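Work through the exercises below with the sequence and the structure at hand, and try each task before reading its solution.

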Amino acid sequence: MSHHDERTFVMVKPDGVQRGLVGDIVSRFEERGLKLVGGKFMQIDDNLAHDHYGEHEDKPFFDDLVEFISSGPVFAMVWAGADATRQVRSMVGETDPAESAPGTIRGDFGLDLGRNVIHASDHEDEGANEREIDLFFDDEELLDYERIDAAWLYEDH
Ligand code: UDP
């Protein structure tokens with residue numbers, strides 16, 4: 001696997017779906033040069049919500065978070081590219097939209113910590129990207145292909 005193939009997990013949350021932001025968000029990652037390798041429009045059940053946000057179990061916002069994330073459809077995705085996990089996080093912004101720079105997804109589309117539009121794997125949590133991909137996708141749902149512009153995206157292609 002080349003370093004162009006680092007994968008990361010991204011999900012438009014129920015607020016982003018309801019607000020019609022799926023297309024814009026997908027476009028940002030496509031235009032950046034990342035490769036879409038999986039996508040699923042789905043509703044998260046209580047079990048998956050607990051598994052996905054398990055690390056926050058003891059936090060005061062946990063119950064509201066679990067209820068919110070399973071309250072409507074989400075669009076789950078896997079994006080691949082060089083340094084994908086860190087680059088996607090920088091495009092997403094800070095956890096709190098109010099602290100996120102304009103130009104980031106949360107900085108352009110959100111104002112409230114509890115309605116921050118998008119999830120992306122934490123690049124500072126080693127292996128979080130692959131763990132979250134495994135939680136949401138089966139192997140056969142992740143497609144192997146090359147973008148036709150790969151040779152123009154990477155000098156060392
Ligand atoms: N969250 C919240 N209140 C808080 C902190 C977090 O509602 O005080 C929610 C918010 O939706 C955030 C999610 O919990 O996206 C997970 O928190 P984390 O610290 O993992 O932030 P993220 O990785 O999403 O930036």
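A residue counts as buried if 20 or more other C-beta atoms lie within 10 Å of its own, as exposed if 12 or fewer do, and as partly exposed in between. The model shown here is a predicted one.

**Exercise 1. Classify residues by their neighbours**

Task: Using the cut-offs above, decide whether Asp144 is buried or exposed, and then treat Asp83, Val117 and Gly93 in the same manner.

Solution. Step 1: Asp144 has 7 C-beta neighbours inside 10 Å, and because 12 or fewer is the limit for that class, Asp144 counts as exposed. Its place is the loop between α7 and α8 (150-153), and its C-alpha atom is separated by 20 Å from that of Ser27, which is 117 residues away along the chain.

Step 2: Asp83, in the loop between β3 and α5, has 13 other C-beta atoms within 10 Å and is therefore partly exposed.

Step 3: Val117, which belongs to the loop between α6 and β4, counts as buried because it has 23 C-beta neighbours inside 10 Å.

Step 4: Gly93 has 24 C-beta neighbours inside 10 Å and so counts as buried.

**Exercise 2. Find positive phi angles**

Task: Work out which phi values Asp83, Val117 and Gly93 have, and describe the surroundings of Gly93.

Solution. Step 1: Asp83 has a phi near 60 degrees, a positive value in a residue other than glycine. Val117, again not a glycine, has a positive phi of about 75 degrees.

Step 2: Gly93 follows α5 and has a positive phi near 100 degrees, and its position is in the loop between α5 and α6.

Step 3: Leaving aside neighbours within four places in sequence, the contacts of Gly93 are Ser100, Ala101, Thr104, Ile105, Arg106 and Gly107. For one of these, Ile105, which is 12 residues away along the chain, the C-alpha atoms are separated by 6.4 Å.

**Exercise 3. Describe the chain as a whole**

Task: State how many helices and strands the chain has, in which order they run, and how the chain compares with the globule rule.

Solution. Step 1: There are 8 helices and 4 strands in the chain, and from the N terminus on they run β-α-α-β-α-α-β-α-α-β-α-α.

Step 2: The radius of gyration is 15 Å, close to the 15 Å that the globule rule gives for 157 residues, so the chain is as compact as a globular protein of that length. The C-alpha trace spans about 45 × 35 × 30 Å along its principal axes.

Step 3: Of the 157 residues, 31% count as buried, and among contacts with a separation of 6 or more, 69% are between residues 24 or more positions apart.

Step 4: UniProt, in an unreviewed entry, places the feature "domain: Nucleoside diphosphate kinase-like" at residues 5-144. Over residues 5-144 the chain is 39% helix and 17% strand, with the end C-alpha atoms 10 Å apart.

**Exercise 4. Follow strand β1 and its partners**

Task: Establish which strands β1 is joined to, and by how many bridges, and say what packs around helix α5.

Solution. Step 1: Strand β1 (residues 7-12) is mostly covered, since 6 of its 6 residues are buried. In a regular strand the side chains alternate between the two faces of the sheet. In β1, Arg7, Phe9 and Met11 point one way, while Thr8, Val10 and Val12 point the other way.

Step 2: β1 runs antiparallel to β3 (residues 74-80), with 6 bridges joining them, and Met11 stands opposite Ala76. β1 also runs antiparallel to β4, to which 3 bridges join it, and there Met11 stands opposite His119.

Step 3: Helix α5 (residues 84-92) has the buried residues Ala84, Thr85, Gln87, Val88 and Val92, and these pack against β1, β3, α6 (105-109), β4 and α7 (128-136).

**Exercise 5. Place the annotated residue**

Task: Locate the residue that UniProt gives as "active site", and list which residues are around the ligand.

Solution. Step 1: The unreviewed UniProt entry places this feature at His119, which is found in strand β4 (residues 118-120).

Step 2: With 19 other C-beta atoms within 10 Å, His119 is partly exposed. Not counting residues up to four places away in sequence, His119 touches Val10, Met11 and Lys13.

Step 3: The residues around the ligand are Phe61, Leu65, Thr95, Leu113, Gly114, Asn116, His119 and Asp122, a shell with 3 nonpolar, 4 polar and 1 charged residues.

Methods
Residues are numbered from 1 along each chain as its sequence is written. This is a predicted model: local features need pLDDT of at least 70, side-chain atom pairs count only at pLDDT 80 or more; totals for chains, interfaces and linings use all residues. UniProt positions are given in the numbering used here, feature names are shortened, and annotations may be inferred rather than shown by experiment. Helices (H or I, at least four residues) and strands (E, at least two) are DSSP runs, numbered from the N terminus. Two residues are in contact if their C-beta atoms, placed from the backbone, lie within 7 Å. A residue is near a molecule or strand if its C-beta atom, placed from the backbone, lies within 6 Å of it. Ala, Val, Leu, Ile, Met, Phe, Trp, Tyr, Cys and Pro count as nonpolar, Asp, Glu, Lys and Arg as charged, and the others, Gly among them, as polar. The radius of gyration is taken over C-alpha atoms; the globule rule is 2.2 Å times the number of residues to the power 0.38. Two strands pair if DSSP finds at least two bridges between them.
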